[in-house]
Amino acid sequence: EKSQIIDVLKNIKSENKVVAMIAPSIVGQFKGTLYQLKTAILKAGFSDVYEVALGADTTTRKEAREFEERMANGEPFMTTSCCAGYNQLIKKHLPEIKPFVSETKTPLFYTAEIVKNQYPDAVLVFVSPCVAKRAEAYDNSNIDFVMNCEELGAWFIAKKIEISNCEE
């Protein structure tokens, strides 16, 4: 793993529009509400914050259509594709299941697509809760940089941002 936090900081200092995308699980990493966390991320210098759950609606709709089509075509079953860790498990250890994995993209993929459409010139940063999602983000051309929760927490400490004291 190589940290990209310096690249993120350089982009914020250069006054580029830098947008954070956070997984819903991030609230379990910090004290305070999701809305206080959003305020803290904005105070840290990001231009905007999106929750990756935004893309989950797209994943759900597309995967449901794909399931209906596959079942109508007589396939015996279909598994989800919305978890990066699961996708890596299938690729590395259960390749015989691969034909049954949905081809629909993950919520992170669709969220990055939505944000990039809204802010075409912005630098997109995914704050990753796990190594599987981090690897997924590295492969996404819409995502410029990846940070983990520990790096974000260290950033808050450096900037003296106490999430539980932030406004919602």
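## Exercises on a predicted model

The protein has seven helices and four strands; the model is a predicted one.

**Exercise 1.** State in which pattern helices and strands follow each other along the sequence.

*Solution.* Start with the inventory: seven helices and four strands. Reading along the sequence then gives α-β-α-β-α-α-α-β-α-β-α.

**Exercise 2.** Describe the extent of the C-alpha trace and the share of buried residues.

*Solution.* Along the principal axes, the C-alpha trace spans about 55 × 30 × 30 Å. Of the 168 residues in the protein, 44% are buried. For the surface, the protein exposes about 9,400 Å², and 53% of this comes from carbon and sulfur atoms.

**Exercise 3.** Find what share of the contacts with a separation of 6 or more joins residues 24 or more positions apart.

*Solution.* Take the contacts in the protein with a separation of 6 or more. Residues 24 or more positions apart account for 67% of them.

**Exercise 4.** Count the charged side chains and locate the centres of the two sets.

*Solution.* There are 20 positive and 23 negative side chains. The centres of these two sets lie 5 Å apart.

**Exercise 5.** Classify the crossing of helix 4 and helix 6 as roughly parallel, roughly antiparallel, roughly perpendicular or oblique.

*Solution.* Helix 4 covers residues 84-93 and helix 6 covers residues 131-138. Their axes come within 8 Å and cross at roughly 85°. Angles of 65 to 115 degrees count as roughly perpendicular, so helix 4 is roughly perpendicular to helix 6. On helix 4, the contact is made by Ala-84, Gly-85 and Gln-88; on helix 6, by Ala-132, Lys-133, Ala-135 and Glu-136.

Key: Residues are numbered from 1 along each chain as its sequence is written. This is a predicted model: local features need pLDDT of at least 70, side-chain atom pairs count only at pLDDT 80 or more; totals for chains, interfaces and linings use all residues. Side-chain values use heavy atoms; hydrogens and water are left out. Helices (H or I, at least four residues) and strands (E, at least two) are DSSP runs, numbered from the N terminus. Buried means under 20% relative accessible area, exposed over 50%, partly exposed in between (1.4 Å probe, protein chains only). Contact means heavy atoms within 4.5 Å. Accessible areas come from the Shrake-Rupley method with a 1.4 Å probe; for residues, only the protein chains shown count as cover. Lys and Arg count as positive and Asp and Glu as negative; His and the chain ends are not counted. The place of a charge is taken as NZ of Lys, CZ of Arg, CG of Asp or CD of Glu. Axes are lines fitted to C-alpha atoms, for helices over the stretch in contact, and angles run from 0 to 180 degrees between N-to-C directions. Angles under 35 degrees count as roughly parallel, over 145 as roughly antiparallel, 65 to 115 as roughly perpendicular and the rest as oblique.
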